[in-house]
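Ever wondered how to read the places where protein chains meet? Take a look at the model below, and then we'll walk through its contacts together.

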Amino acid sequence: MSLNIAHLAVALAILSAFAPLLFARKTALLKFFSFMFLGLSGCAAVVAGAMALLADQVVTMVVPIGLPWLHCYQKLDPLAGLFLLIVGLVTAVVGCYGPAYVREYENGAQPLPVLTVFTGLFVAGMFLVMLAADAFSFMLAWELMSVASYFLVAYQHQNSENRNAAFIYLLMAQVGGLFILLGYGVLAAFGGAFSFDAMAAAPLSSGWASIAFILAFIGFGMKAGVVPLHVWLPQAHPVAPSHISALMSGVMLKVAVYGFIRFSYDLLGDIHWQWGVLVLFIGSVSAILGVLYALMQHDLKRLLAYHSVENIGIIYMGIGLSMIFSSFDLPLLAALGLVAALYHSLNHALFKSLLFLGAGAVLQNSHEHDLEKMGGLIRGMPITALCFLIGCISISALPPFNGFVSEWLTFQAALQGPAIDSGVISSLIPVAAAVLALTGALAAACFVKVFGVAFLGLPRSEAVSKARESSFGMVFAQGVLALCCLLFGVFPTWTVGAINVIPQHLLGVGLPAATEKGWVWLTPMAAETASYGAPMVLLGICLAWLIVWLWLHPRRRKTPVRVGDTWDCGFGPLNSRMQYTSSSFTQPIRRVFRPVWPIDEQIIAKDEKHPGGHYHLRVGDWAWNKIYLPIGRILLASAKRAAMIQGGNIRVYLAYSFFTLIFLLWVIV
Amino acid sequence: MNALYLTLLLPLFGTMLFAVAGHRRSAGTINMFICVATFATSLWLAINVFNQGTLISDGKLFYIDGFNVYLILLNAFVGMTTSVFSGPYMAHEVEIGRVDDGRMRLYYSMYQGFLFTMLVALSTNNLGLLWVAVEGATLATVLLVSLYRTPESIEAGWKYFLICGVGIAQALFGTVLIYFAADKVLPGSDETLLWTVLNAHAMELEPTVLILAFVFLLVGYGTKVGLVPLHNWLPDAHSEGPTPMSAILSGLLLNVALYAIVRFKMIIDPALGTDLPGKIMMGFGLVTFATAGLLLHRQKDVKRMFSYSSIEHMGLMTFAFGIGGSLATFGGLLHMIVHSLTKSAIFVTVGHAAHVAKTQSIDKIRGLISTQPTVGWGLLLGTVAIAGFPPFGVFTSEFLLFSATMKSWPWLVITLLIGLAVAFAGLFRHVQPMVFGEAPPGQQPVEANMWPVIIHLVLILWLGISVPEVLARWIDQATIMIVGEGLL
Amino acid sequence: MNGWVIAIIQTALMAAGAPFLTGWVKWVKCKLQCRQGPPPWQPYRDLAKLFRKEVVISDKASVIFRISPYLIFSVTALAGSIVPLLAVGLPTSAIADVIVLVGFFALARFFLALAGMDIGTAFGGMGSSREVTISSLAEPAMLLAVFTLAMTVSSTNLATMIYRLLDFPFQLYPSFIFAGLGLLLVAVAECGRIPVDNPATHLELTMVHEAMILEYSGRHLALMEWAAMLKLMIYGVLIANLFVPWGVALEYTAYDFAVAMVTITAKLLVLGIVLAVSETSLAKMRLFRVPQFLGLAFILSLLGMLSHVILEVR
Amino acid sequence: MQLISLPVSEQLILTLAALILFTSFLLLAQTRLVTLIHTFALQGGLLFLTTVLVAIASGRHHLLISAALTLGLKVFFIPWQLRLLVVRLDIRREVEVVGNASLIMIGAGALTLFSYYVALPIRELSLLSTRNTIAISLAVILIGMLMIITRRKAVTQVIGFMSMENGLMFAAVAATHGMPMVVELGVALDVLVAAILFGIFFFHIRSEFGSLDVDRLNRLNEVDR
């Protein structure tokens, strides 16, 4: 049943891609049908996912397509269900958001049907990845997802940065896909077949298992965007249409996480501690570098993209912890780490989509994506601002919103480090916890900057000052996500209770104690070890607020608030250029962590072009400068070397033939 | 067998007809009809083979089995769709005055002549005749390569002629050696060079002669396949000839040459008892694959670029047949089909693109999608397909190939992987700016017949999502024939 | 039910005592510097006056500016409610553990910094920028310090931590020395004391906390100030009760409470003196020296953690 | 195996083989075009003789047709056509400079040795004396290739190519007593067409590049210039 609904979701997504083409000329109908089907498909996926997750059932099916001896295996289990739910939720929301948002593209340079077709295919690809239960259909769905999203990134291809970003994206997607394929190849070679069941049963030696793991780690990491495989992410996400960025950043990265979990827990099974250490290390590095790079960005969507790197890092930290515990035969703790990672996947999908949708709303209404030119948007777009604020609080991992819960769970897992029977590892794990703490604090700093610079203060450009609230659909979509952020933050026990079946499937145990104290108290290990009463926190804040308000309210009548000018030190009226900008806000952090970024910073004194002087700042990416550019250079140099073979002289060509012959004759004799 | 004779006679008739009447305006249409008829008869032939199994002609000169029949069908099909494209394309060339009547006669006549030689090469049972037909194919196309009479096209033609001539001469020596070996087993027989006979007596042949023969055959036919470092003629010939020519060269000729190598390998392998030929082929395949991938980065001419892509894929197929084993062979055979279909579709689109932009230079082709969306998307999707992205069929065959490599030569997979990534980057960095972006001022859409492209892309899409049972059984038969065991 | 009442009373006590602690530090400092100084209860007078005064709000301010004081105070008060001032085992302490406590501070700071940026002055942005920089460095150091304790007692729940520390047979934990020192440094930074910040000046080059609340007046300013005092109080109680847990009431008897009351007062007064002495003897740092200061805190906490793992486990 | 123990016909074939190899060396060394064409015709003649001899000695009379074809094509038609072209293109007197001629000759000698080395395993299996000719024909083929590689004139390259073809035919005739008829005919047809096409190309190259120097055909390349 759940699988049928999931297939319905896929069908609806494909329908949303192609059915509206019947109305290719009538934009209104095109938009309506496309996004309606998309939304319905999302809803169907949510239903299917929830059924699989809550009913704790595994449904399988064989579809007779694909290769003759390798039919397409489909399976929906709780793990797939959770991620199906995540994808479906965001897709459904995007279905509400889309029609109003794509208004911008109606009369643009590119035809709208291109956008809707590939959006549908993209979503269908993501659904199919979750459902695939053999390597072939997995790769098929996976690459469908990659290619479709490539076209979406390249949608506004009249801009060169779109083209470049799309190229880098597709290139890395291709490489990643190949790595994954190889990973499956190892398993299939030992398991004798491509179905997941056969692979899971493959008798792997420890060395081959590690090779398969590394391949999968790189492959999925490429898509998930862990450092240093993240470089496509900050390029591709900003240039895609915002609802696509929301899907890509919020959901597609989760699909990679899903694949990684599926591969390492389900297919490989016997986990080595070295893998866990690797995942934890890369996760920590991604988290900290992601947030540090995010801090330095002033393009709103690029900043959010770097935050995706950070959050994926946090998810990987959870997974890494889980792997380490699992390898030391501590399944309960392993379950805790896994639950934390899964929960964070859900949360990140929610708040990152919310933030991207907010950024889209800002972009649509002010045509501005540069933080340096924003400001004061809260006055024109109050509801968007409120939703965005909720997103900011959530992603900064502040109670009582959802981001906090999953980070808290990750902390709890990290603090159980000493349970491990190895001194070095158990002392390293708390360090990871410290990194997580630093990440969280820096993320908060970053979102103070984002919200403060974009929505508060004075508008820094004309267009921004005229921005008005978006239409109902867009606001509604953001509202839904904001509400989800709150609900998943305030009622974590229910969520953890539902997610619990996944570690039961993968590791054999769940977290029996997590919800034993009732729905108010989240006690992952035991009540005395740690507890978090999220509803009580919300209640407490409200209560405290109420008391203060009741106490102060009478005074308000006595001495009403007087509105006056801002204090300007007596120098005359303030203007928007006196405010701290995005760059200046992060200047202290830039000083503190100076070596982290390749910085090109110049202060140009007054000259003709810049009568007021000029400050120039460019923050690059070391991964790009030190890894990718050299690879590119090596590639081009070797291509140049290889080109010598095609020198143009026919006598040389014939000499090749001659010497090849001689060589071969010499070899065989 | 009648189906076969018809299949062979139709193009032969076409060759003669066009030698006289190729310059007429209706020639393009007639050409198309002949090709359609050829395809129909080849389909008939295929159904015959499918129903009755292997066929052999009375004089044992022709022999149709599961291996070659699907290549015959493929040849006829690609020949047909390309002829659909070729008519309007050449009419446009006449219009802009690049070719005159005489050359049009030559063109159509040789188009059919080329198809004829290809079909003969595929269907013959006599290995000597195989050589004659492949050499004939070179001779038929060499003037087409230099059809435009520009210095570059003359140069390309000369290189094509001489390099292939020298190469193919070596193949003849290989054939002579095979004959020499067989002569000892079956002295004085007229049937000594028949593949069926050789295959039956493969175990009795002298291994030391055979390995020597194999080297010559590999270098000889390998020159036609485009194996590095014997490939140098290929990009030149593809880029300078008329585009329909490039489409069938890439789609057919290379396959046929590879087919020849595989046929010989089928005889040589059992006699030899070692996998030395396989290893040599793998080595060639890898070197070819890697070099072509790198050279993709240095292209300035769009047809030249796609010809390097053909070299790359031929390398991959050679590698697959070199590995041997049912999985790799199945993948290699499937790859032959999907590569032919995709590459000819790409060349068709490239032809239109070159007409739109009035140049073949990559730097000057810009914004195809905004000028003519069908051409732009066709080129982009074709490139996506050839780069091995699902849901297109190239992915399926590469998937099989990778799995096979993983099974027997796991470490080589890394080379393949790097090669694929490099090749992909090389293709896309050039194709992207051509299709995307804003069109240069004054660029106008041209009359384009995109049906061949659409049909090909739909077919490879179909093959990517689901390989039909019939085709799979067919390929499996061929696999059984080549390596002795099937997959199904 | 009993527990809830005690918890609320305890929170109220905390809130009520906070201004005194601030005043006490100031008074001791004045004495140390041989100045007359205001009496320790001067902050109460200030707050009372501020609550009565008119509120002037900039016309550039948004709703964030208005709700921030209430939110910050509520959150800080809630944070206060989970710190065991007098007794352990109260129901409020189950609401949140020490990680959530840090989260509360972060939430308050988040809005504080936003409020600073809201009216669009240079001062506000400057203050916010510095505040988030300092706190983002202080937070990990603090968590690491607390984690050392949490690992020792294998719990992150504050009440459980204190309870177990009291329950265990007395032993010397070398890690606690480092963690305590680390936490002390963090507290100094977080509460905006010398040498990181100077709450007593409004010198634009140095101010952090004051820059953010520069635009506030009347009861809003009062709430902000009070929240800051409360924060100092919470840190004081935290350090006092975590590292010197004796005296905290384990059972809810009048005697125990009285003892707890006396001991915590004494501990806080001593802490206040320590703070005053250090503030007197140290000079305010340059802003870009602060990371080094916090780096020291981080290293201390890390050493604490490592010495726990190396020396104390098994 | 003693030479003396062989029948006269086979002794003759071996002698002819030696002569053909010798003409190959001559071709390699010859710099004047017209003489080169004559030498090529001579090689064709030797091939014709061999074919006739084998046809008579082995009693495979269809080889006589093959011999006739060789006579027609290799001895008369192609040399005649080449000579005609040389006259028409007015390059009779052109002398081709061959760089480092002695080195090339040493190379050709080494190739002969190498061919012998390669064919050695076959030879050891042999019963028939004619099997030795495999080595000779291989040497002729390789020397033909060497000639194509070292010469810069299109005409010389074609002669090299045709001389390779001669080596092939020699192998077919001497080592295996001729290929099946249909193949012989096909090969002959191909050679004929090729010879005509070469002629067409000479004119094109000459008119587009102003010379028959193939080193000038270097526009199509991937190298930065």
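Here is a short tour of which chains touch and what lies at their contacts.

Keep in mind that this is a predicted model. There are 4 pairs of chains in contact, and the pair sharing the most contacts is A and C. Some chains don't meet, though: B and C do not touch, with their nearest C-alpha atoms 40 Å apart. Chains C and D have no contact either, and their closest C-alpha atoms lie 52 Å apart.

Let's start with A and C. This contact takes 64 residues from chain A and 67 residues from chain C. On chain A's side, several elements supply at least two residues each, including α17 (402-415), α23 (534-558) and β3 (562-564). The largest share, 15 residues, comes from α18(A).

There's also some strand pairing across this pair of chains. β3(A) runs parallel to strand β1 (residues 56-58) of chain C, and 3 bridges join the two. One of the residues involved is R562(A), whose bridge partner in β1(C) is V56(C).

Now for A and D. Here the contact takes 13 residues from chain A and 15 residues from chain D. Helix α27 (residues 650-668) of chain A gives the largest share of chain A's side, 6 residues.

What kinds of residues does chain A bring to each contact? The table sorts them by class.

| Side of chain A | Nonpolar | Polar | Charged |
|---|---|---|---|
| touching chain C | 43 residues | 15 residues | 6 residues |
| touching chain D | 8 residues | 4 residues | 1 residue |

Key:
Residues are numbered from 1 along each chain as its sequence is written. Chains are lettered from A and ligands numbered from 1 in the order in which they are written. This is a predicted model: local features need pLDDT of at least 70, side-chain atom pairs count only at pLDDT 80 or more; totals for chains, interfaces and linings use all residues. Two residues are in contact if their C-beta atoms, placed from the backbone, lie within 7 Å. Helices (H or I, at least four residues) and strands (E, at least two) are DSSP runs, numbered from the N terminus. Ala, Val, Leu, Ile, Met, Phe, Trp, Tyr, Cys and Pro count as nonpolar, Asp, Glu, Lys and Arg as charged, and the others, Gly among them, as polar. Two strands pair if DSSP finds at least two bridges between them.
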